[in-house]
Amino acid sequence: MSDVGDARDEVRRARYAVAAVFAVHGAVTGSFATRVPWIQVHASLGAGLLGFALAFTAFGASCAMPLAGRISHRYGSRTALRGLLALWTLSLVLPSLAPNLYTLCLAMFTYGASAGMADVAMNALGVEVERLLDRSIMSGLHGMWSAGALVGSAAGTLAAHLGSDARLHFSLASAVLTVLGLVACTWVLDLQPAEDEEPPPRFALPPRSALLIGTVGFCAVFAEGASLDWSAVFLRDRLDSSAGVAAACTTGFMLTMAVARIAGDAVVNRFGAVRTVRAGGVLAVLGGLLIVFAGYPAVAMGGFALMGLGIAVVVPLCFAAAGHAGPNPSQAIAGVATITYTSGLIAPSLIGGVAQATSLVVSFCVVTALACGLAVCAGVLRSAERGGRTEVSRPAAAVPGPRP
């Protein structure tokens with residue numbers, strides 16, 4: 001009994017450790033986002049060229065994410081995550097050092113590649129902990145990512161307000177986050193492959209299950225990207241709101257997402273992944289309708305809040321479903337992550353293109369239509385409900401050992 005108790009304690013520690021890893025990962029993103037204007041001036045770029053350079057983030061992530069599974073297979077989950085997370089936190093410095101477009105594109109490719117590999121590794125570990133605990137934790141883990149992003153964003157806002165050089169800001173943030181990440185990785189699960197287990201391919205198309213699950217994630221991330229980048233513009237241009245009110249709408253959307261994710265596990269454990277996502281899709285559609293028909297800023301802000309509430313837990317549940325859907329969690333998670341990264345990349349520009357051709361109202365009609373897909377396609381996440389229960393027969397004492 002003592003061995004079983006010790007193993008359960010190890011799983012609990014691993015849960016808190018991987019939550020800390022998610023927060024560190026989010027803090028890097030939040031830190032970077034606040035200093036994009038400084039990077040633009042430093043590299044002497046216009047808005048168009050800056051957007052071109054930033055697109056290399058998603059390109060790098062999409063290229064590198066399939067490698068995460070092979071790295072974890074070769075070095076073990078703990079060592080792999082430790083190295084990939086450190087690579088991600090250290091890469092924060094690179095964009096601030098770029099003096100022109102070409103070097104910034106290279107920096108953003110490296111930044112995105114390290115982000116994507118660390119993302120896959122930590123989500124795969126999160127799925128393993130969820131299996132062993134036999135209850136949903138992925139929503140809370142992504143809530144910790146959002147909380148970390150908010151903390152990083154707040155620190156970056158302060159640094160920008162003080163007129164700090166982003167090279168100094170990023171160097172200090174990178175050093176602190178690297179140390180925190182290395183400490184957190186000490187307690188994550190150290191899963192090793194079986195001796196006869198074949199390593200995953202360096203590059204492979206995602207399995208069909210990941211494509212179906214990724215479609216749901218695509219709809220959610222599209223709505224998230226559109227709301228984050230265009231909510232303030234919508235309130236300013238469509239409803240003549242002040243700059244402060246418009247900015248408050250975006251901040252409120254981010255806070256709604258973070259709170260809903262942190263609280264989402266209780267809902268998922270009570271109602272299941274499929275019903276939770278279907279209900280979230282209904283809320284997101286209602287939020288979209290409020291946005292489209294809003295005549296006052298408060299109504300639109302309520303619509304964006306409902307949109308954030310509705311989509312908050314979808315991506316965590318997509319990662320969980322991918323991890324439970326097949327024998328190779330890292331490969332499936334990489335496939336879903338690639339699709340969601342692509343959605344996040346094209347959403348802001350597509351919304352802008354539709355708005356240019358028609359109006360922002362029509363753009364958010366598109367967002368609302370995609371939100372309907374959450375309710376319609378939620379059934380593909382059923383593996384997330386079953387997956388946590390298929391592994392509980394494994395003895396808890398076997399946690400640190402080879403993956404079966």
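Trainee: Why does H25 count as buried?

Mentor: Buried means under 20% relative accessible area, exposed over 50%, and partly exposed in between (1.4 Å probe, protein chains only). H25 comes out at 2% relative accessibility, so buried is the right word. Keep in mind that this is a predicted model, where local features need pLDDT of at least 70, side-chain atom pairs count only at pLDDT 80 or more, and totals for chains, interfaces and linings use all residues. Residues are numbered from 1 along each chain as its sequence is written, and side-chain values use heavy atoms, with hydrogens and water left out.

Trainee: Which residues does H25 touch, leaving out those up to four places away in sequence?

Mentor: Touching, or contact, means heavy atoms within 4.5 Å. By that rule H25 touches W88, A115, A118, D119, M122 and W145. H25 itself sits in helix 1 (residues 2-34); helices here are DSSP runs of H or I with at least four residues, strands are runs of E with at least two, and both are numbered from the N terminus.

Trainee: What makes H25 and A115 a polar contact?

Mentor: A polar contact is a pair of N or O atoms within 3.5 Å; within protein, one must be able to donate a hydrogen and the other to accept it, and residues adjacent in sequence count only if both atoms are side-chain atoms. The backbone oxygen of A115 lies 3.2 Å from a polar atom of the H25 side chain, so that distance is inside the limit.

Trainee: Why is S72 called buried, and L182 something else?

Mentor: S72, in helix 4 (residues 67-75), has 14% relative accessibility, so it counts as buried. Beyond its sequence neighbours up to four places away, S72 touches S77, A80 and A121. L182, in helix 9 (residues 166-185), has 35%, so it lands in the partly exposed class. Leaving aside neighbours within four places, L182 is in contact with R82 and A86.

Trainee: How do you know which way helix 5 and helix 7 run relative to each other?

Mentor: Look at the axes, which are lines fitted to C-alpha atoms over the stretch in contact, with angles from 0 to 180 degrees between N-to-C directions. The axes of helix 5 (residues 77-91) and helix 7 come within 8 Å and cross at roughly 145 degrees. By class, their contact has 12 nonpolar, 3 polar and no charged residues. For those classes, Ala, Val, Leu, Ile, Met, Phe, Trp, Tyr, Cys and Pro are nonpolar, Asp, Glu, Lys and Arg are charged, and the others, Gly among them, are polar.

Trainee: What makes a group of residues a nonpolar core?

Mentor: They must be buried Ala, Val, Leu, Ile, Met, Phe, Trp, Tyr and Cys residues joined through side-chain atoms within 4.5 Å. The largest one here has 113 residues, and L104 and F234 touch the most other members. Helix 7 (residues 101-133) gives the most to this core, with 18 residues.

Trainee: What is unusual about S44?

Mentor: Most residues other than glycine have a negative phi. S44 is not a glycine, yet its phi is positive, about 55 degrees. S44 lies in the loop between helix 2 (36-42) and helix 3 (47-64).

Trainee: Is S44 buried or exposed?

Mentor: Its relative accessible area is 63%, so S44 is exposed. D240 also has a positive phi of about 55 degrees without being a glycine, and at 66% D240 counts as exposed.
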